[in-house]
Amino acid sequence: MAGPSKEIGMLESEEYYIEEYYINGTNDSHNGSMGYPELPEYLTFNDDSIREIILYSLMFFLGACGNIPVFVALIRNRHRKSRVNLMIMHLAIADLIVTFIMIPLEIVWRFTVQWVAGNVACKILLYLRAFGHYLSSSVLVCIILDRYFTILHPLKVNDAQRRGKIMLGLAWATSILSSIPQVSYLPISISHCFRF
């Protein structure tokens, strides 16, 4: 079965040349010439990069304008202790993590088309990038389950408060644990940070 091993060999070869390009930069043993090897299309600044920068910038603007007022309003009205407000606040926090970590990371990546921050920063930012998405999805599931139990058992108000807090705690815990594979893969090669 030459198919899978050939594909793995091509990926390893591609990672080697990307690392050689950014670490050594001068000796291309692939074709015996001095200079830089040819990079794949997704690792160059092109028209697609410009479109992606514009779209991510628009998403950043809309996400910030939508989530910051919600978060501020919920902080100001903390004296109102309702399950819905608590869950919406956690959803706003998750969306702000996506807005202020993941989207700027994508914009900078599309603009610079290289990773210069090092291995530790790569692992931390990949972790936070995955964490924001997991947390946002998990909090949405908590809201759905809360609405489901509210309709199913409308008179169990005291139980609902405790259940809501437990669900949110589990959402945070599963998001933290689900994001660990982003940093546990050792070592992360330079080209892995290129493929956000």
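Ser-49 is buried in this predicted model. Its relative accessibility is 6%, and a residue counts as buried because it falls under 20%. Ser-49 sits in helix α2. Beyond its close sequence neighbours (within four places), Ser-49 contacts Thr-44 and Arg-110. Arg-110 is also part of a salt-bridge network with Glu-52, Glu-106 and Arg-129.

**Overall build**

- The chain has 196 residues, and 33% of them are buried.
- Seven helices and two strands make up its secondary-structure elements.
- In sequence order the pattern runs α-β-β-α-α-α-α-α-α.
- Contacts between residues at least 6 apart in sequence are mostly long-range: 77% of them join residues at least 24 apart.
- The accessible surface comes to about 12,400 Å². Carbon and sulfur atoms account for 67% of that surface.

**The salt-bridge network around Glu-106**

- The whole structure holds eight salt bridges.
- Side chains of opposite charge can pair when their charged atoms come close.
- Four residues are linked in one network: Glu-52, Glu-106, Arg-110 and Arg-129.
- Arg-110 bridges to Glu-106, with N to O at 2.8 Å.
- Arg-110 and Glu-106 both lie in helix α3, four residues apart, so about one helical turn separates them.
- Glu-106 is buried, at 1% relative accessible area. Arg-110 is buried too, at 16%.
- Glu-106 also pairs with Arg-129, the closest N and O atoms being 3.0 Å apart.
- That second pair connects distant parts of the chain. Arg-129 belongs to helix α4 and Glu-106 to helix α3, with their positions 23 residues apart in sequence.

**The Asp-146 to Arg-83 bridge**

- Which residue forms a salt bridge with Asp-146? The partner is Arg-83, and the closest N and O atoms are 2.8 Å apart.
- Asp-146 is in helix α4 and Arg-83 in helix α3, so this bridge ties together parts 63 residues apart in sequence.
- Are the two residues buried or exposed? Asp-146 is buried, at 1% relative accessibility. Arg-83 is buried as well, with a relative accessible area of 16%.

**Nonpolar cores**

- The largest nonpolar core contains 13 residues.
- Residues with the most contacts inside this core are Met-87, Phe-131, Leu-135, Val-139, Cys-142, Ile-143 and Leu-168.
- Three helices each give two or more residues to the core: α3 (83–112), α4 (118–152) and α5 (157–179).
- Helix α4 supplies the largest share, six residues.
- Apart from this core lies another one, of six residues. Among them are Tyr-56, Met-102, Ile-103 and Ile-107.
- Val-139 touches Met-87, His-90, Leu-91, Leu-168 and Ala-171, leaving out residues up to four places away in sequence.
- Of these partners, Met-87 and Leu-168 are also listed with Val-139 among the core residues with the most contacts.

**Nonpolar surface patch**

- Which residues make the nonpolar surface patch of about 430 Å²? They are Phe-45, Ile-50, Ile-54 and Phe-111.
- Ile-50 lies in helix α2, which spans residues 47–76.
- Ile-50 is partly exposed, at 39% relative accessible area. That value clears the patch cut-off, because patch residues need over 30%.
- Helix α2 therefore holds both Ser-49, which is buried, and Ile-50, which is partly exposed.

**Transmembrane annotation**

- An unreviewed UniProt entry lists residues 53–75, 87–112, 124–145 and 166–188 as "transmembrane region".
- In the model, residues 53–75 are 100% helix and 0% strand. The C-alpha atoms at the ends of this span lie 32 Å apart.
- Residues 87–112 are likewise 100% helix and 0% strand. Here the end C-alpha atoms are 37 Å apart.

Terms used
Residues numbered from 1 in each chain as written. Predicted model: local features only at pLDDT ≥ 70, side-chain atom pairs only at ≥ 80, totals over all residues. Heavy atoms only, no water. Patch = residues over 30% accessible without salt bridge, like charges linked within 9 Å, V, L, I, M, F, W, Y side chains within 5 Å. Areas by Shrake-Rupley, 256 points an atom, 1.4 Å probe, with all protein chains shown as cover. Salt bridge = Lys/Arg side-chain N within 4 Å of Asp/Glu carboxyl O. Buried < 20%, exposed > 50% of the residue type's maximum accessible area, 1.4 Å probe, protein only. Core = buried A, V, L, I, M, F, W, Y, C linked by side-chain atoms within 4.5 Å. Contact = heavy atoms within 4.5 Å. UniProt positions renumbered as here; feature names shortened; annotations may be inferred.
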